[in-house]
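Visitor: I'm new to this one, so please pick a single part and take me through it slowly. I'd like to see how that part sits among its neighbours.

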Amino acid sequence: MEEQKFGTIKIHLNELIKERNISKSRLSHRAEMQRTQINHYCNNDIARLDIAVLARLCTALDCSIGDLLEFIPAEKANDADQAEE
């Protein structure tokens, strides 16, 4: 699997929603996104990141892209996978 070789990107949208004390419904309105799309980002269930969506989320949550996304190198991603098993 390519993720194991190159690492992965983790989306911290759930954490930011909790920190900002904002509901997903309010976020979907502010970011002009469907709630189902927000749920996909919250669950890290995204195959390809959309930079327009990321910009809307950062604007709506008043955060930087580094607050929203985290790169996890391959060795750390593999360690996390093994810890879950």
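Guide: One bit of vocabulary before we zoom in: a residue is called buried when its relative accessible area is under 20%, exposed when that value is over 50%, and partly exposed in between. Also keep in mind that this is a predicted model.

Let's take helix H5, which covers residues 51-61. Here's the setting. The protein has 7 helices and 2 strands, and from the N terminus on they run α-β-α-α-α-α-α-β-α. Of its 85 residues, 31% are buried. If you take the contacts between residues at least 6 apart in sequence, 64% of them join residues at least 24 apart.

Now, which residues of H5 are buried? They are Val53, Leu54, Leu57, Cys58, Ala60 and Leu61. Because they cover an arc of only 165° around the axis, they end up on the same side of H5. There's a simple rhythm to look for here: an α-helix has 3.6 residues a turn, so residues three or four places apart point the same way. Turn to the face of H5 that looks away from the buried side, and you'll meet the exposed residues Ile51 and Thr59.

What does the buried side of H5 pack against? Its buried residues are up against H2, H3, H4, H6 and strand S2, the stretch 69-72.

Have a look at the two ends of H5 as well. At the N-terminal end, Asp50 acts as a cap: one of its side-chain oxygens lies 2.9 Å from the backbone nitrogen of Ala52. Just past the other end comes Asp62, with a positive phi of about 50°.

Next, step back along the chain into the loop that leads from helix H4 (35-42) to H5. Leu49 has its place in that loop. Leu49 has a relative accessibility of 37%, so it counts as partly exposed. Together with Ile9 and Phe71, Leu49 forms a nonpolar patch on the surface, and the three share about 270 Å² of accessible area. For scale, the whole protein exposes about 6,000 Å², with carbon and sulfur atoms supplying 46% of that. The loop between H4 and H5 also holds Asn44. Phi of Asn44 is positive, near 55°, although this residue isn't a glycine. Asn44 is partly exposed, because its relative accessible area is 34%.

H2 was among the partners of H5, so let's cross over to that helix, residues 13-20. Its buried residues are Leu13, Leu16 and Ile17. Seen down the axis of H2, they fall within an arc of 100°, so they line one face of the helix. They pack against S1, helix H3 (24-30), H4, H5 and helix H6 (65-68). On the face of H2 turned away from that buried side are Lys18 and Glu19, both exposed.

Glu19 is worth a second look. Its side chain meets that of Arg20 in a salt bridge, at 3.5 Å from N to O, and a search of the whole structure finds 1 such bridge. How open are the two partners? Glu19 counts as exposed because its relative accessibility is 57%, while Arg20, at 32%, counts as partly exposed. H2 is followed by Asn21, and the phi of Asn21 is positive too, near 55°.

At the start of H2, check His12, found in the loop between strand S1 (8-11) and H2. Is His12 buried or exposed? Its relative accessible area is 17%, so His12 is buried. Leaving out residues up to four places away in sequence, His12 touches Asp67, Leu68, Leu69 and Glu70.

One last stop, at another partner of H5: helix H3, which also packs against its buried residues. In the loop between H3 and H4 you'll find Glu32. Here again phi is positive, near 55°, in a residue other than glycine. With a relative accessibility of 66%, Glu32 counts as exposed.

So when you go back to H5, start from its buried side facing H2, H3, H4, H6 and S2, then swing round to Ile51 and Thr59 on the face turned away.

Conventions:
Residues are numbered from 1 along each chain as its sequence is written. This is a predicted model: local features need pLDDT of at least 70, side-chain atom pairs count only at pLDDT 80 or more; totals for chains, interfaces and linings use all residues. Side-chain values use heavy atoms; hydrogens and water are left out. Patches are made of residues with over 30% relative accessible area and no salt bridge: like charges are joined within 9 Å, nonpolar side chains (Val, Leu, Ile, Met, Phe, Trp, Tyr) within 5 Å. Accessible areas come from the Shrake-Rupley method with a 1.4 Å probe; for residues, only the protein chains shown count as cover. A salt bridge is a side-chain nitrogen of Lys or Arg within 4 Å of a carboxyl oxygen of Asp or Glu. Helices (H or I, at least four residues) and strands (E, at least two) are DSSP runs, numbered from the N terminus. Buried means under 20% relative accessible area, exposed over 50%, partly exposed in between (1.4 Å probe, protein chains only). Contact means heavy atoms within 4.5 Å. The arc is that of the directions from the helix axis to the C-beta atoms. A polar contact is a pair of N or O atoms within 3.5 Å; within protein, one must be able to donate a hydrogen and the other to accept it, and residues adjacent in sequence count only if both atoms are side-chain atoms.
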